Amino acid sequence: MSEVGYCTLDDLRRALREAGLPGDAEQDPQIAVDAITAETEPLQRRLKRHFYEPNGIDEASEVTIPTEPKTRDDEESIQTGGVSLSGEPVTPKTWQGPYTRIQLGRNYAKEINKLLVQGEGGSYTDWVTSDEYSGGQWPDAVGEDYFLRINNGGVSQLYIDSENFLDEDGEPIVDSFANVVYVDFDYGHEGIPQAVRRAVALRAGAELVEDAVIEIPSNATVYNIETKAEEMREKADELLEEYGGKYADD
């Protein structure tokens with residue numbers, strides 16, 4: 001699958017014109033497309049989310065717009081309620097009754113595909129396919145062995161019944177709660193918000209300006225070009241504030 005982008009060439013042209021620059025991104029469209037895709041992947045990491053358009057975008061003939069959720073698998077640890085002076089494992093920290101929880105590495109989780117949980121003897125069981133365990137989405141699956149809950153801003157948390165980690169005497173059945181869960185899940189936000197499209201276009205436009213890919217007015221100085229590119233990046237950060245992130249290195 002080719003690299004995807006969160007905006008179109010028309011979005012990029014509009015961003016350049018709004019910045020008082022020529023909106024001509026057609027001299028070498030592939031360079032413009034590469035700039036868009038190069039700015040998309042860092043945004044996914046920084047915001048910890050993925051956007052997609054199930055039906056694509058009509059004007060995006062040159063850019064591959066994502067049309068479906070993505071999949072991710074992570075190794076996770078269970079938070080514990082304290083430190084054992086004896087060095088023995090302590091019990092899981094709980095929220096909402098007996099449930100412990102894990103914040104997933106990406107927002108807007110849609111479905112748990114695999115949930116490998118360590119049990120007695122160090123073996124792992126996939127709770128999704130096993131007949132011994134059940135779970136699903138909040139609130140319907142409350143009371144079952146696990147459930148997925150999506151909070152404000154798409155923050156995704158997996159709740160697991162902590163009693164599955166304890167024996168009849170309430171003692172842990174695992175040697176450690178580190179890396180006892182492996183979770184594979186689909187995630188993504190249906191629809192690419194206009195603010196996200198504009199932010200990607202502005203960042204891609206700033207890259208083209210600095211690389212002198214577009215024609216710069218003859219009276220523009222190097223200082224003005226650098227300032228213009230920086231202004232475009234600052235505007236992109238402003239647009240992303242409501243999503244809790246900006247373009248910065250992890």
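This is a short walk through one predicted model, from the overall layout to helix 2, the loop after it, and a few backbone details.

I'll start with the chain as a whole. The protein chain has 4 helices and 10 strands. Along the sequence their order is α-α-β-β-β-β-β-β-β-β-β-β-α-α. The chain has 250 residues, and 43% of them count as buried. For contacts between residues at least 6 apart in sequence, 72% join residues at least 24 apart.

Next, helix 2, residues 29-47. At 1.5 Å a residue, the 19 residues of this helix should span 27 Å, and the C-alpha atoms at its ends are 27 Å apart, so the two agree. The buried residues in helix 2 are A32, V33, A35, I36, T37, E39, T40, L43, Q44 and L47. As a reminder, an α-helix has 3.6 residues a turn, so residues three or four places apart point the same way. What covers the buried residues of helix 2? The cover includes helix 1 (9-18), strand 1, strand 2 (70-76) and helix 3 (194-210).

Now the loop that follows. K48 comes just after helix 2 and sits in the loop between helix 2 and strand 1. Its phi is positive, about 55°, although K48 is not a glycine. For context, most residues other than glycine have a negative phi. K48 is partly exposed, with a relative accessible area of 45%.

R49 is in that loop too, between helix 2 and strand 1 (51-52). Which side chain of opposite charge is nearest to R49, and how far away is it? It is E242, at 8.2 Å. A salt bridge here requires a distance within 4 Å, and R49 has none, although R49 is buried. What the R49 side chain does reach is the backbone oxygen of Y243, at 3.4 Å. Setting aside neighbours within four places in sequence, the contacts of R49 are Y6, Q44, R106, N107, Y108, G153, Y187 and Y243. Two of those names link to other parts of this talk: Q44 is among the buried residues of helix 2, and G153 belongs to a hairpin that I come to now.

That hairpin is made by strand 7 and strand 8, with 5 residues between the strands. G153 there has a positive phi near 75°. Strand 7 and strand 8, residues 156-161, pair in the antiparallel sense over 5 bridges. Strand 7 also pairs with strand 6: residues 135-137 and residues 146-150 run in the parallel sense, over 3 bridges. Y146 takes part in both pairings. Its bridge partner in strand 6 is G135, and in strand 8 Y146 stands opposite I160.

Two backbone details remain. Where is P139 found? It is in the loop between strand 6 and strand 7. The peptide bond from W138 to P139 is cis, with omega near 0°. Most peptide bonds are trans. The other detail is Q96, in the loop between strand 2 and strand 3 (99-103). Phi of Q96 is positive, near 55°, and Q96 is a residue other than glycine. Q96 is partly exposed, with a relative accessible area of 37%.

To recap the point on R49: it is buried and has no salt bridge, while its side chain reaches the backbone oxygen of Y243 at 3.4 Å.

Methods:
Residues are numbered from 1 along each chain as its sequence is written. This is a predicted model: local features need pLDDT of at least 70, side-chain atom pairs count only at pLDDT 80 or more; totals for chains, interfaces and linings use all residues. Side-chain values use heavy atoms; hydrogens and water are left out. Buried means under 20% relative accessible area, exposed over 50%, partly exposed in between (1.4 Å probe, protein chains only). Lys and Arg count as positive and Asp and Glu as negative; His and the chain ends are not counted. A polar contact is a pair of N or O atoms within 3.5 Å; within protein, one must be able to donate a hydrogen and the other to accept it, and residues adjacent in sequence count only if both atoms are side-chain atoms. Contact means heavy atoms within 4.5 Å. Two strands pair if DSSP finds at least two bridges between them. The expected span of a helix is 1.5 Å times one less than its number of residues.
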